[in-house]
Amino acid sequence: MNYKEAKEIVEKDVIEKLDGFSIVEESTIEFSSCFAFYYQNDTYSKTRHVMDMSVGAGAVLVSKESGEVFETGSAYSTEYYVSVFESCGDPFGEVTSTISVYGWEFGANKVAATKLIKAESGLNLRESKLIVDAVLNNESRSFTTESSEKAIEVANKLRNYGFRCKQLWSNQC
């Protein structure tokens, strides 16, 4: 998708529904995965006086791949929303405490991984072993830790033990 196509989508899906607003073209930013468009009321566009500015709206992201539109807010920076979008496909996604284990490297430490999953997931030894065995049979499995912070730590340890894994986002669980 190119800039012109993305702009037409924003004009149709967002701007046409807002009376007296237009895209601020000089503020548009192109990222590798999306375009970020900004809009403002027509009075501000004419006067450029800060007192005429509408506040609260964030960037409108348009996926280059799908053309999907995401209207963000002003709670976070555009760069934050884009970073999250690039990580999980949804600018409003949040990391979870769930880990997906989907592969392994030659020499992976099965015993250490099983013990780690047991200790950090609340699963019993049998359930933890079933996860590791399934992954060694090229099946993916997921489990949950006590917090998203703990999931980062556990995923790093699993990688060190020779397993491919990732922490899931809220839209991936």
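In the predicted model, four strands form an open sheet in the order S2-S3-S5-S6, with antiparallel pairing. The edges of this sheet are occupied by strand S2 (29-30) and S6, each of which has a single partner strand, so that one side of each is left without a neighbour in the sheet. At one of these edges, S2 pairs with strand S3 (residues 34-37) in the antiparallel sense over two bridges, and within this pairing glutamate 30 has phenylalanine 35 of S3 as its bridge partner.

Two helices are associated with this sheet. Helix H1 (residues 3-13) lies across S3, S5 and S6 and runs at about 50° to S3. Helix H3 (residues 78-88) also packs on the sheet, where it touches S3, S5 and S6, and its direction makes about 30° with that of S5.

The loop between S2 and S3 contains serine 32, a residue that is exposed, since its relative accessible area is 66% and the threshold for this class is over 50%. When neighbours within four places in sequence are left aside, serine 32 is in contact with Lys64 and Glu86. Of these contacts, the one with glutamate 86 joins positions that are 54 residues apart along the chain, and the C-alpha atoms of serine 32 and glutamate 86 are separated by 8.8 Å.

At the other edge of the sheet, strand S5 (residues 57-63) and S6 are paired in the antiparallel sense over four bridges, with leucine 61 standing opposite phenylalanine 70 in S6. The hairpin of S5 and S6 has five residues between the strands, and in this hairpin glycine 67 takes a positive phi near 80°. In a regular strand the side chains alternate between the two faces of the sheet. Such an alternation is found along S6 (residues 69-73), where Phe70 and Thr72 point to one face and are buried, whereas Val69, Glu71 and Gly73 point to the other face and are not buried. Phenylalanine 70, the residue opposite leucine 61, thus belongs to the buried face of the edge strand S6.

A further set of strands involves S7 (residues 95-104), in which seven of the ten residues are buried, so that this strand is largely enclosed by the rest of the structure. S7 pairs in the antiparallel sense with strand S9 (residues 163-169) over six bridges, and the bridge partner of glycine 103 in S9 is arginine 164. S7 is also joined by four bridges to strand S8 (residues 141-144), the two strands running antiparallel, and here valine 101 stands opposite arginine 141 in S8.

Two packed helices are described by the angle between their axes and the distance between the axes. For helix H4 (residues 110-121) and helix H5 (residues 125-136), the axes come within 8 Å and cross at roughly 130°, which makes H4 oblique to H5. The crossing in which H4 passes H5 is right-handed. From H4, the contact is made by Lys110, Ala113, Thr114, Ile117, Lys118 and Ser121, and from H5 by Leu125, Ser128, Lys129, Ile131, Val132, Asp133 and Leu136. Classified by residue type, this contact of H4 with H5 comprises six nonpolar, three polar and four charged residues.

Terms used. Residues are numbered from 1 along each chain as its sequence is written. This is a predicted model: local features need pLDDT of at least 70, side-chain atom pairs count only at pLDDT 80 or more; totals for chains, interfaces and linings use all residues. Side-chain values use heavy atoms; hydrogens and water are left out. Buried means under 20% relative accessible area, exposed over 50%, partly exposed in between (1.4 Å probe, protein chains only). Two strands pair if DSSP finds at least two bridges between them. Contact means heavy atoms within 4.5 Å. Axes are lines fitted to C-alpha atoms, for helices over the stretch in contact, and angles run from 0 to 180 degrees between N-to-C directions. Angles under 35 degrees count as roughly parallel, over 145 as roughly antiparallel, 65 to 115 as roughly perpendicular and the rest as oblique. A crossing is left-handed if the near helix is turned anticlockwise from the far one by less than a right angle, and right-handed if clockwise. Ala, Val, Leu, Ile, Met, Phe, Trp, Tyr, Cys and Pro count as nonpolar, Asp, Glu, Lys and Arg as charged, and the others, Gly among them, as polar.
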